[in-house]
Amino acid sequence: MKKLLFFIFLAFVVVVWQAVSLYLAALEPKTAQEEVAIDTAKVEAGLQTINEVHSYYGKVAYQVILGITAENEKVVVWIPEDEGEIVIKKQNEGISKEQVITDLKAERNPKEIRSVKLGIEKNIPLWEVIYINENDRLTYYYSDFETGELLKRTTP
(Lines give C-alpha, C1' and ligand atoms only; values in the text may rest on other atoms or scores of the structure.)
Protein backbone atom coordinates (compact mmCIF):
# COMPACT_ATOMS: atom_id res chain seq x y z
CA MET A 1 0.00 0.00 0.00
CA LYS A 2 2.83 2.39 0.85
CA LYS A 3 4.41 1.75 -2.55
CA LEU A 4 1.14 2.55 -4.32
CA LEU A 5 0.78 5.84 -2.42
CA PHE A 6 4.41 6.68 -3.19
CA PHE A 7 3.90 6.11 -6.95
CA ILE A 8 0.67 8.14 -6.94
CA PHE A 9 2.49 10.99 -5.16
CA LEU A 10 5.41 10.72 -7.59
CA ALA A 11 3.06 10.77 -10.59
CA PHE A 12 1.32 13.85 -9.15
CA VAL A 13 4.66 15.66 -8.71
CA VAL A 14 5.70 14.83 -12.29
CA VAL A 15 2.36 16.06 -13.70
CA VAL A 16 2.59 19.35 -11.75
CA TRP A 17 6.23 19.81 -12.80
CA GLN A 18 5.34 19.29 -16.48
CA ALA A 19 2.35 21.63 -16.25
CA VAL A 20 4.51 24.41 -14.77
CA SER A 21 7.18 23.83 -17.43
CA LEU A 22 4.59 24.02 -20.21
CA TYR A 23 3.10 27.22 -18.76
CA LEU A 24 6.51 28.90 -18.50
CA ALA A 25 7.39 27.87 -22.05
CA ALA A 26 4.13 29.37 -23.31
CA LEU A 27 4.91 32.69 -21.56
CA GLU A 28 8.47 32.92 -22.90
CA PRO A 29 7.69 34.83 -26.15
CA LYS A 30 5.59 37.40 -24.26
CA THR A 31 8.33 37.87 -21.68
CA ALA A 32 10.92 38.31 -24.44
CA GLN A 33 8.74 40.96 -26.15
CA GLU A 34 8.36 42.82 -22.85
CA GLU A 35 12.12 42.80 -22.30
CA VAL A 36 12.76 44.20 -25.80
CA ALA A 37 10.08 46.86 -25.25
CA ILE A 38 11.58 47.86 -21.90
CA ASP A 39 15.03 48.23 -23.46
CA THR A 40 13.53 50.31 -26.29
CA ALA A 41 11.64 52.53 -23.84
CA LYS A 42 14.80 53.14 -21.83
CA VAL A 43 16.62 54.28 -24.96
CA GLU A 44 13.82 56.19 -26.74
CA ALA A 45 12.19 57.86 -23.71
CA GLY A 46 15.11 57.90 -21.29
CA LEU A 47 13.28 55.85 -18.68
CA GLN A 48 15.26 55.08 -15.53
CA THR A 49 12.51 53.32 -13.58
CA ILE A 50 9.84 51.02 -15.00
CA ASN A 51 6.58 51.06 -13.02
CA GLU A 52 4.27 49.00 -15.24
CA VAL A 53 4.35 47.01 -18.47
CA HIS A 54 1.28 45.58 -20.17
CA SER A 55 0.16 44.51 -23.62
CA TYR A 56 -2.62 46.18 -25.58
CA TYR A 57 -4.19 44.27 -28.44
CA GLY A 58 -6.09 46.54 -30.80
CA LYS A 59 -5.70 46.55 -34.58
CA VAL A 60 -1.96 46.58 -33.83
CA ALA A 61 -0.42 44.99 -30.74
CA TYR A 62 1.52 47.33 -28.45
CA GLN A 63 3.56 47.08 -25.30
CA VAL A 64 2.60 49.96 -23.00
CA ILE A 65 5.28 51.01 -20.54
CA LEU A 66 4.85 53.46 -17.66
CA GLY A 67 8.00 54.75 -16.04
CA ILE A 68 10.03 57.64 -14.71
CA THR A 69 12.84 59.50 -16.47
CA ALA A 70 16.11 60.75 -14.96
CA GLU A 71 14.40 64.19 -14.69
CA ASN A 72 11.74 62.54 -12.47
CA GLU A 73 9.01 62.90 -15.10
CA LYS A 74 6.34 60.21 -15.33
CA VAL A 75 6.13 59.00 -18.92
CA VAL A 76 4.03 56.55 -20.93
CA VAL A 77 5.58 54.80 -23.94
CA TRP A 78 3.55 52.86 -26.53
CA ILE A 79 5.76 50.49 -28.50
CA PRO A 80 4.31 48.48 -31.40
CA GLU A 81 5.17 44.80 -31.30
CA ASP A 82 5.84 44.79 -35.03
CA GLU A 83 6.57 47.86 -37.10
CA GLY A 84 5.15 51.26 -36.41
CA GLU A 85 5.71 54.55 -34.65
CA ILE A 86 6.70 54.69 -30.99
CA VAL A 87 4.52 57.17 -29.10
CA ILE A 88 5.83 58.90 -25.97
CA LYS A 89 3.71 61.10 -23.70
CA LYS A 90 4.17 62.58 -20.25
CA GLN A 91 1.53 61.21 -17.88
CA ASN A 92 0.45 64.72 -16.92
CA GLU A 93 -0.41 65.42 -20.58
CA GLY A 94 -3.39 63.12 -20.19
CA ILE A 95 -6.13 62.37 -17.73
CA SER A 96 -5.47 59.97 -14.88
CA LYS A 97 -6.84 56.47 -14.42
CA GLU A 98 -8.87 57.75 -11.48
CA GLN A 99 -10.40 60.50 -13.63
CA VAL A 100 -11.38 57.96 -16.31
CA ILE A 101 -13.13 55.85 -13.68
CA THR A 102 -14.89 58.89 -12.22
CA ASP A 103 -16.08 60.02 -15.67
CA LEU A 104 -17.31 56.53 -16.55
CA LYS A 105 -19.23 56.17 -13.28
CA ALA A 106 -20.89 59.56 -13.80
CA GLU A 107 -21.79 58.87 -17.42
CA ARG A 108 -22.59 55.14 -17.52
CA ASN A 109 -23.10 53.92 -13.93
CA PRO A 110 -21.33 50.55 -14.39
CA LYS A 111 -22.15 47.62 -12.13
CA GLU A 112 -18.56 46.39 -12.11
CA ILE A 113 -15.32 47.70 -13.61
CA ARG A 114 -13.18 44.78 -14.78
CA SER A 115 -10.06 46.59 -16.04
CA VAL A 116 -8.67 50.02 -16.88
CA LYS A 117 -5.53 50.27 -18.98
CA LEU A 118 -3.80 52.41 -21.53
CA GLY A 119 -3.89 51.51 -25.20
CA ILE A 120 -3.56 53.15 -28.58
CA GLU A 121 -5.47 53.07 -31.88
CA LYS A 122 -4.43 54.90 -35.06
CA ASN A 123 -1.64 56.63 -33.08
CA ILE A 124 -4.23 58.08 -30.66
CA PRO A 125 -3.39 57.18 -27.04
CA LEU A 126 -6.48 56.09 -25.14
CA TRP A 127 -7.85 54.53 -22.02
CA GLU A 128 -9.62 51.19 -22.40
CA VAL A 129 -12.13 50.42 -19.68
CA ILE A 130 -13.85 47.05 -19.60
CA TYR A 131 -16.95 46.96 -17.42
CA ILE A 132 -20.29 45.28 -16.80
CA ASN A 133 -23.15 47.60 -17.72
CA GLU A 134 -26.59 47.94 -16.14
CA ASN A 135 -27.90 45.08 -18.34
CA ASP A 136 -25.14 42.71 -17.13
CA ARG A 137 -23.34 42.93 -20.47
CA LEU A 138 -19.59 43.25 -20.95
CA THR A 139 -18.83 46.69 -22.40
CA TYR A 140 -15.65 48.27 -23.79
CA TYR A 141 -15.31 52.01 -23.27
CA TYR A 142 -12.51 53.95 -24.98
CA SER A 143 -11.69 57.52 -24.02
CA ASP A 144 -9.01 59.85 -25.35
CA PHE A 145 -5.90 59.88 -23.15
CA GLU A 146 -5.42 63.64 -23.45
CA THR A 147 -9.00 64.95 -23.23
CA GLY A 148 -11.01 62.13 -21.69
CA GLU A 149 -13.48 62.45 -24.56
CA LEU A 150 -15.40 59.28 -25.46
CA LEU A 151 -13.91 57.73 -28.60
CA LYS A 152 -15.96 54.56 -28.80
CA ARG A 153 -18.19 52.32 -26.71
CA THR A 154 -18.80 48.72 -27.70
CA THR A 155 -20.98 45.99 -26.26
CA PRO A 156 -20.20 42.71 -28.04
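Is Arg108 buried, partly exposed or exposed? With a relative accessible area of 28%, Arg108 is partly exposed, because this value falls between the 20% under which a residue counts as buried and the 50% over which a residue counts as exposed. The structure discussed here is a predicted model, and this report goes through its two sheets, one of its helices and several of its side-chain contacts.

## The sheet from β1 to β4

One open sheet is made of four strands in the order β1-β2-β3-β4, and the pairing within this sheet is antiparallel. Strands β1 (47-57) and β4 stand at the edges with a single partner strand each, so one side of each is left without a neighbour in the sheet. If direction is ignored, neighbouring strands of this sheet are turned by 20° against each other on average. As background for reading such an arrangement, strands of a sheet pair through backbone hydrogen bonds, and they do this in either a parallel or an antiparallel way.

The pairing of β1 with β2 is antiparallel and consists of nine bridges. An example of two residues that face each other across this pair is Ile50, which stands opposite Gly67 in β2.

## Gln63, a buried residue in β2

Strand β2 covers residues 61-69, and Gln63 is part of this strand. Gln63 counts as buried because its relative accessibility is 1%, which is under the cut-off of 20%. The side chain of Gln63 is joined to the side chain of Glu81 by a polar contact of 2.7 Å.

Which residues surround Gln63, once its neighbours within four places in sequence are left aside? The residues in contact with Gln63 are Gln33, Glu34, Ala37, Val53, His54, Ser55, Val77, Trp78, Ile79 and Glu81. Glu81 therefore appears in this list of contacts as well as being the partner of Gln63 in the polar contact.

## The sheet from β5 to β8

A further open sheet is formed by four strands in the order β5-β6-β7-β8, again with antiparallel pairing. The edge strands here are β5 (112-121) and β8 (150-154), each of which pairs on one side only. Between neighbouring strands of this sheet the average turn is 20°, with direction ignored.

Strands β5 and β6 pair in the antiparallel sense over nine bridges, and within this pair the bridge partner of Ile120 is Pro125 in β6. The two strands form a hairpin with two residues between them, and Lys122, which lies in the turn, has a positive phi of about 50°. At the other end of the strand order, β7 (residues 138-144) is joined to β8 by four bridges, and these two strands also run antiparallel. Here Ser143 has Leu150 in β8 as its bridge partner.

## Helix α2 across the sheet

Helix α2 (residues 97-108) has twelve residues, and the distance from its first C-alpha to its last is 16 Å, which is close to the 16 Å expected at 1.5 Å a residue. The helix is followed by Asn109, a residue whose phi is positive and near 55°.

Helix α2 lies across the four strands β5, β6 (124-132), β7 and β8, and the helix runs at about 50° to β6.

## Salt bridges

How many salt bridges does the structure hold? There are six salt bridges in the structure, and one of them joins Glu146 to Lys89, with the closest N and O atoms 2.6 Å apart. This pair links distant parts of the chain, since Glu146 lies in the loop between β7 and β8 while Lys89 lies in strand β4 (residues 87-90), 57 residues apart. Glu146 is partly exposed, with a relative accessible area of 39%, whereas Lys89, at 19% relative accessibility, counts as buried because this value is under 20%.

Glu107, Arg108 and Arg153 are linked in a network of salt bridges. The side chains of Glu107 and Arg108 meet with an N to O distance of 3.7 Å, and those of Arg153 and Glu107 meet at 3.8 Å, N to O. Arg153 belongs to strand β8 and Glu107 to helix α2, so this pair ties together parts that are 46 residues apart in sequence. The members of the network are partly exposed: Glu107 at 39% relative accessibility, Arg108 at 28% and Arg153 at 37%.

Note on methods: Residues numbered from 1 in each chain as written. Predicted model: local features only at pLDDT ≥ 70, side-chain atom pairs only at ≥ 80, totals over all residues. Heavy atoms only, no water. Buried < 20%, exposed > 50% of the residue type's maximum accessible area, 1.4 Å probe, protein only. Polar contact = N/O pair within 3.5 Å; in protein donor to acceptor, adjacent residues only side chain to side chain. Contact = heavy atoms within 4.5 Å. Expected span 1.5 Å × (residues − 1). Pairing = 2+ DSSP bridges. Axes fitted to C-alpha atoms, helices over the stretch in contact; angles between N-to-C directions. Salt bridge = Lys/Arg side-chain N within 4 Å of Asp/Glu carboxyl O.
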